[in-house]
There are 2 protein chains.
Amino acid sequence: MMSKKNNTSFGEYIRQLREDRNLPLRKIAAELDIDTSTLSKIEKNERNASEQIIEKLSEIFAIDKADLKVRYLSDKITYQLLDEEDGIEILKVAEQKIKYHKQQQA
Amino acid sequence: MMSKKNNTSFGEYIRQLREDRNLPLRKIAAELDIDTSTLSKIEKNERNASEQIIEKLSEIFAIDKADLKVRYLSDKITYQLLDEEDGIEILKVAEQKIKYHKQQQA
DNA sequence: TAATTTTGGACAATAATTGTCAAAGCAAAT
DNA sequence: ATTTGCTTTGACAATTATTGTCCAAAATTA
């Protein structure tokens, strides 16, 4: 189990990818078929990214889709728990539950 | 860090508490100031339980509120990730992120 | 300064959640 | 079998949240 360090938000991450390539929002937004301002907000974590958006982003930037999704969903959960006292414990319990479910279905 | 086993859902759990005391939905719902049918659905994990409901439930059943909240929120996250391939990894990454945030604010 | 990019606010349209009610289903009696 | 009390289900309007879209103001770059 290893720690790729991963402490940039989803939005920051895809913004970085875009800036590395010197592309304007306009271009990427067009490829994604969404409004420039919507993409701006996604990069600032002010709007959700749909499954479809995530998929297209992974194609555009030639990165692993599953990895991008992990970044996105882990972010959402993080924000959900950020104000909770017992955030870490909640995650641990959730992990047990997921393992339990996976085991059941197998 | 230890594993109280915890593999009953929030709904099942509070239903169990109620049934242990031989109380009808009607009574508890009245104390919670919600409809009987709403409580029925909460017990079947078909409706959300608000913060307020969780607090009152902890009072009614004389259990720890924080613990009940952990059960509730871990459940929600579990359901969110149940269909995801990488649920466990998502949780691990979220954990790192939360720890990072906590560390920053300290 | 002009051109381009980025941001923020507004808005209607759509979707999700909530509170509420009524009817139906169920089980245990009597 | 019918009543009685408990539980479940589906429906519905009302509220709240999210989405897609546009525009104009800021900020950045040339």
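Which residue of chain A forms a salt bridge with Lys69(B), and how far apart are the closest N and O atoms? The partner is Glu84(A), and the closest N and O atoms of the pair are 3.0 Å apart. The structure is a predicted model. Chain A and chain B contribute 36 residues each to the contact between them, and 16 residues surround DNA strand C, while 16 residues also lie around DNA strand D. The points below take up the fold of chain A, the relation of the two copies, their interface and the two DNA strands.

**Fold of chain A**

- Chain A contains 6 helices and 0 strands.
- In sequence order, the elements of chain A give the pattern α-α-α-α-α-α.
- The C-alpha trace of chain A extends over about 45 × 35 × 25 Å along its principal axes.

**Relation of the two copies**

- Two copies of a chain are related by a rotation about an axis and a shift along it.
- In this model, a turn of 180° with a shift of 0.0 Å along the axis lays chain A on chain B with an RMSD of 0.0 Å.
- The two copies are therefore related as by a two-fold rotation axis.
- Leu91(A) is the residue of chain A that comes closest to the rotation axis, with its C-alpha at 3.2 Å.
- Of the interface residues of chain A, 100% are also interface residues in chain B, so the copies meet through the same surface.

**Interface of chain A and chain B: area and composition**

- The size of an interface is often given as the accessible area lost when the parts come together.
- About 3,600 Å² is buried between chain A and chain B, and carbon and sulfur atoms give 64% of this area.
- On the side of chain A, the residues that lose the most area to chain B are Asn7(A), Lys97(A) and Ile98(A), which together make up 16% of what that side buries.
- Between chain A and chain B, 11 residue pairs are in polar contact, with both residues at pLDDT 80 or more.
- The elements of chain A that give two or more residues to the side touching chain B are α5 (65-81) and α6 (87-105).
- Helix α6(A) provides the largest share of that side, with 15 residues.
- The side of chain A that touches chain B consists of 14 nonpolar, 9 polar and 13 charged residues.

**Salt bridges**

- Side chains of opposite charge can pair when their charged atoms come close.
- Over all chains, the rule gives a count of 22 salt bridges.
- Across the interface of chain A and chain B, the rule finds 6 salt bridges.
- One salt bridge links the side chains of Lys69(A) and Glu84(B), with an N to O distance of 3.0 Å.
- Lys69(A) belongs to helix α5 of chain A, whereas Glu84(B) lies in the loop between α5 (65-81) and α6 (87-105) of chain B, so this pair joins two chains.

**Surface near DNA strand C**

- The closest of the residues that surround DNA strand C are Arg15(A), Leu25(A), Arg26(A), Thr38(B) and Arg47(B).
- Of the atoms of DNA strand C that come within 4 Å of the protein, 50% are accounted for by sugar and phosphate.
- Side-chain N or O atoms approach phosphate oxygens of DNA strand C at 3.1 Å in Arg18(A) and at 2.9 Å in Ser40(A).
- Lys44(A) also places a polar side-chain atom 2.9 Å from a phosphate oxygen of DNA strand C.
- At least two residues of this surface come from each of α1 (10-20), α2 (25-32) and α3 of chain A, and likewise from α3 of chain B.
- By class, the residues near DNA strand C are 2 nonpolar, 5 polar and 9 charged.

**Surface near DNA strand D**

- Thr38(A), Arg47(A), Arg15(B), Leu25(B) and Lys44(B) come nearest to DNA strand D.
- Sugar or phosphate holds 50% of the atoms of DNA strand D within 4 Å of the protein, and the rest belong to bases.
- From chain A, Ser37(A) has a polar side-chain atom 2.9 Å from a base nitrogen of DNA strand D, and an N or O atom in the side chain of Arg47(A) is 2.5 Å from a base nitrogen of this strand.
- From chain B, Arg18(B) has a polar side-chain atom 2.9 Å from a phosphate oxygen of DNA strand D.
- The elements giving two or more residues to this surface are α3 (36-43) of chain A and, in chain B, α1 (10-20), α2 (25-32) and α3 (36-43).
- The surface near DNA strand D comprises 2 nonpolar, 5 polar and 9 charged residues.

Terms used:
Residues numbered from 1 in each chain as written. Chains lettered and ligands numbered in written order. Predicted model: local features only at pLDDT ≥ 70, side-chain atom pairs only at ≥ 80, totals over all residues. Heavy atoms only, no water. Near = heavy atom within 4 Å. Polar contact = N/O pair within 3.5 Å; in protein donor to acceptor, adjacent residues only side chain to side chain. Helix = DSSP H or I, 4+ residues; strand = E, 2+ residues; numbered from the N terminus. Nonpolar A, V, L, I, M, F, W, Y, C, P; charged D, E, K, R; others polar. Contact = heavy atoms within 4.5 Å. Buried area = accessible area lost by both parts, 1.4 Å probe. Salt bridge = Lys/Arg side-chain N within 4 Å of Asp/Glu carboxyl O. Least-squares fit on C-alpha atoms with pLDDT ≥ 70 in both.
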